[in-house]
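This report describes one protein chain, beginning with the whole and then turning to a single helix and one of its residues.

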Amino acid sequence: MDKEHLSTEAKAIRDRLFGWDSPTQAQLEEIATVEYLWGRLLDTILESCPDNRERDQTIVHLESVREWMRKSIIRGEDRK
């Protein structure tokens, strides 16, 4: 798809969305720290919870938390 036909507004939206997923080295380090802690929580869930539907749902939601955490760090704007 040729993006030359996109409006200025559409190009700005496209650039913003693609730019959000380009972490800096400092952000990668922060993500690594939080993902380590995320992994510890996952291990605790796997060790403590019986293998049932509820544990599966917990893991699904934990995966979602991981993705949103990464996006939050990468996008990095403070809301005031």
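## Chain overview and helix H3

Of the 80 residues in the protein chain, 15% are buried (under 20% relative accessible area with a 1.4 Å probe, protein chains only; exposed is over 50%, partly exposed in between). The model is predicted: local features need pLDDT of at least 70, side-chain atom pairs count only at pLDDT 80 or more, and totals for chains, interfaces and linings use all residues. Residues are numbered from 1 along each chain as its sequence is written, and side-chain values use heavy atoms, with hydrogens and water left out.

The chain holds three helices and zero strands (DSSP runs numbered from the N terminus: H or I of at least four residues for helices, E of at least two for strands).

In H3, the buried residues are Arg55, Ile59, Leu62, Met69, Ile73 and Ile74; they pack against helix H2 (25–48). Arg55 lies in H3, which covers residues 53–75, and counts as buried because its relative accessibility is 15%. Not counting residues up to four places away in sequence, Arg55 touches Ile45, Leu46, Cys49 and Pro50, where contact means heavy atoms within 4.5 Å.

Two polar contacts (N or O atoms within 3.5 Å; within protein, one able to donate a hydrogen and the other to accept it, and residues adjacent in sequence counting only if both atoms are side-chain atoms) are tabulated below.

| Atom 1 | Atom 2 | Distance |
|---|---|---|
| Leu46 backbone oxygen | Arg55 side-chain polar atom | 3.4 Å |
| Asn52 side-chain oxygen | Glu54 backbone nitrogen | 3.2 Å |

Asn52 thereby caps the N-terminal end of H3. Just after H3, Gly76 takes a positive phi of about 50°.
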